[in-house]
Amino acid sequence: MTTQTTTVPTPDGPFTVVERDGAVLASGWTAELSELTGQIHPTLRAEPVQSVRSLASITDAVSAYYDGDLAAIERVRVHQLSGPFRNHAWDVLRTVAPGRPVTYSEYARLAGRPAAIRAAAGACAFNAAALFVPCHRVIRTDGSLGGFRWGVAVKTSLLAREKTASQSADPVSVAR
């Protein structure tokens, strides 16, 4: 099993992906591999990581997302490991629709544990596969953005992009 990485330019800055067997292990808005490898579960880490020009369908999905095909990232496999709640919460996060962010309390409810708001926030904080597991779609109950490992400016940009794209795809929301 070869672990590979590549970095692609995006409007939000360099975006690096670490993958093995076609599944994303970690990703984020950085050109520094070291900022990602520590987020990968120890049993999934492999040395060395081979740098490649492209990761075909994964980097194509990133480009398609930035070109307006927000669903492109949903087709990319992700492999993360943690405890049962966090693994489930990451799966649930992939069902949150672009342009329709949820609060941490709504996210906890969607994950089946309405009282586990801190655990839901922890799932976001320990999510290694940014963009593909869209933790940027979770906001605070008061409507403020909250934190984001890759910076609030990136989170703001992603949410604005998704809102604009989802509104142009939904004529009803444009008429509102």
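**Aromatics and the nonpolar core**

Okay, let's start with Tyr66: it counts as buried at 13% relative accessibility, buried being under 20% relative accessible area with a 1.4 Å probe and protein chains only. Quick caveats: this is a predicted model, with local features needing pLDDT of at least 70 and side-chain atom pairs pLDDT 80 or more, while totals for chains, interfaces and linings use all residues. Numbering runs from 1 along each chain as its sequence is written, and side-chain values use heavy atoms, without hydrogens or water.

Next door, Tyr65 is buried too, at 0% relative accessible area.

So, how many aromatic pairs turn up in the whole structure? Four, if you pair Phe, Tyr and Trp rings (six-membered ring for Trp) with centres within 6.5 Å. In Tyr65 and Tyr66, the ring centres are 5.3 Å apart and the planes sit at 85°, so that pair is edge-to-face, the label for planes over 60 degrees apart. Elsewhere, ring pairs tie Phe15, Trp29, Phe132 and Phe148 into a cluster.

Now the core. The largest nonpolar one holds 51 residues, and among those with the most contacts inside it are Phe15, Trp29, Tyr107 and Phe132. By core I mean buried Ala, Val, Leu, Ile, Met, Phe, Trp, Tyr and Cys joined through side-chain atoms within 4.5 Å. Elements supplying at least two residues each include β2 (15-20), β3 (23-28) and α6 (152-169); α2 gives the most, with six. Helices are DSSP H or I runs of at least four residues, strands E runs of at least two, numbered from the N terminus.

Last one: beyond its neighbours within four places in sequence, Tyr107 has contacts (heavy atoms within 4.5 Å) including Trp90, Leu93, Cys124 and Val138.

How values were computed:
Phe/Tyr/Trp six-rings, centres within 6.5 Å; stacked < 30°, edge-to-face > 60°. Buried < 20%, exposed > 50% of the residue type's maximum accessible area, 1.4 Å probe, protein only.
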